[in-house]
Amino acid sequence: MPGVLPDLFDAPVQPPARVALGEQAWLLRGFALPHVEALRTALRTVLRAAPWRQMRTPGGYTMSVSTTNCGALGWTSDEQGYRYTPRDPLSGQPWPALPAALQALAARAAAEAGFDGFAPDACLINRYVPGARMSLHQDKNERDRTAPIVSVSLGLPAVFLFGGLERTLPTARYGLLHGDVVVWGGVDRMRFHGVLPLRPGVHPVVGEQRINLTFRRAGGAQPLHSGG
Ligand code: MD3
Ligand code: FE
């Protein structure tokens, strides 16, 4: 049977491109890889106006991740609580704009996962250095819970915890790699989730850090038929 064995052995062993995390939650492996340079360029522009800062929690802790935002609304936290604001509290200025190319990337990822017409108005950007983590939580400050959330990972790999609708339910673990995108909405929108402490390392493009961008609909529901 000439040909058969070479074909088999030559076939690259590809991990699946789409992993179902839940009924309405998808991991899209490498979905953002063609857009890494656009993401890094946009990030540099955002950081000039709204640099990294470590937010305080209402409980009096300082978060181990550093954070910034772009878009009409940005997520902030201080002793008063968690909320979305139209201005950066550090500068008093509106958050930097959400670049159209990033908004389009988030919308295409959402559509891949079955959420058509996603129009994010907020992009929360987290920076993890080795040891930084995010404890198990739900994302519940967004007004529009019908919209999904789209997450883009850059840089060092992280172990992501994917739990249930109650804090005490068991969690599954997934590695999130440079260029991976996660989309979750619908019945999976309110799942508890977190990130284990980042392991030290050097990513060839991004260096000694992991950056995660989450695109959200934080304000009211988008008007139906927006844009005609
Ligand atoms: C949530 N960020 O900013 S996003 C956050 O990697 C946040 O920085 C994490 O949680 C980060 O609020 C995780 C990835 C993610 C993936 C799947 C989920 C979050 C999810 C499924 C359900 C709920
Ligand atoms: Fe979250």
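## Polar contacts of ligand 1

A polar atom in the side chain of Asn212 is placed 3.3 Å from an oxygen atom of ligand 1, in a model that is predicted. Two further side chains approach oxygen of this ligand: a polar atom of Tyr128 lies 2.6 Å from an oxygen atom of ligand 1, and an N or O atom in the side chain of His137 is 3.2 Å from an oxygen atom of ligand 1. On its own, ligand 1 has 520 Å² of accessible area, of which the protein covers 98%.

## The shell and its pocket

Ligand 1 takes up the space of the largest pocket. Strands E6 (122-128), E7 (134-137), E9 (158-162), E11 (181-184), E12 (193-195) and E13 (210-216) are the elements that each give two or more residues to the surrounding shell, and E13 gives the most, with 4 residues.

There are 19 residues around ligand 1, and those that come nearest are Tyr128, Phe160, Trp184, His193 and Arg210. Sorted by class, the shell comprises 8 nonpolar, 6 polar and 5 charged residues.

## The iron site

The iron ion (ligand 2) has as its protein donors His137 through NE2, Asp139 through OD and His193 through NE2, at 2.0 to 2.2 Å from the ion. Along the chain these donors follow the spacing H-x1-D-x53-H. Because His137 belongs to strand E7 and His193 to strand E12, the pair ties together parts that are 56 residues apart in sequence.

Two of these donors also appear in the surroundings of ligand 1: His137 has the side-chain contact with its oxygen at 3.2 Å, while His193 is among the residues that come nearest to ligand 1.

Conventions:
Residues are numbered from 1 along each chain as its sequence is written. Chains are lettered from A and ligands numbered from 1 in the order in which they are written. This is a predicted model: local features need pLDDT of at least 70, side-chain atom pairs count only at pLDDT 80 or more; totals for chains, interfaces and linings use all residues. Side-chain values use heavy atoms; hydrogens and water are left out. A residue is near a molecule or strand if one of its heavy atoms lies within 4 Å of it. A polar contact is a pair of N or O atoms within 3.5 Å; within protein, one must be able to donate a hydrogen and the other to accept it, and residues adjacent in sequence count only if both atoms are side-chain atoms. Accessible areas come from the Shrake-Rupley method with a 1.4 Å probe; for residues, only the protein chains shown count as cover. On a 1 Å grid over the protein atoms alone, a cavity is a set of points where a 1.4 Å probe fits but cannot get out, and a pocket is an open set with protein on both sides within 12 Å along at least five of seven lines; lining residues have an atom within 4 Å of a point. A molecule sits in a cavity or pocket if more than half of its atoms lie within 2 Å of its grid points. Ala, Val, Leu, Ile, Met, Phe, Trp, Tyr, Cys and Pro count as nonpolar, Asp, Glu, Lys and Arg as charged, and the others, Gly among them, as polar. Donors are N, O and S atoms within 2.8 Å of the metal (3.2 Å for Na, K and Ca); water is not among the atoms, so sites may look incomplete.
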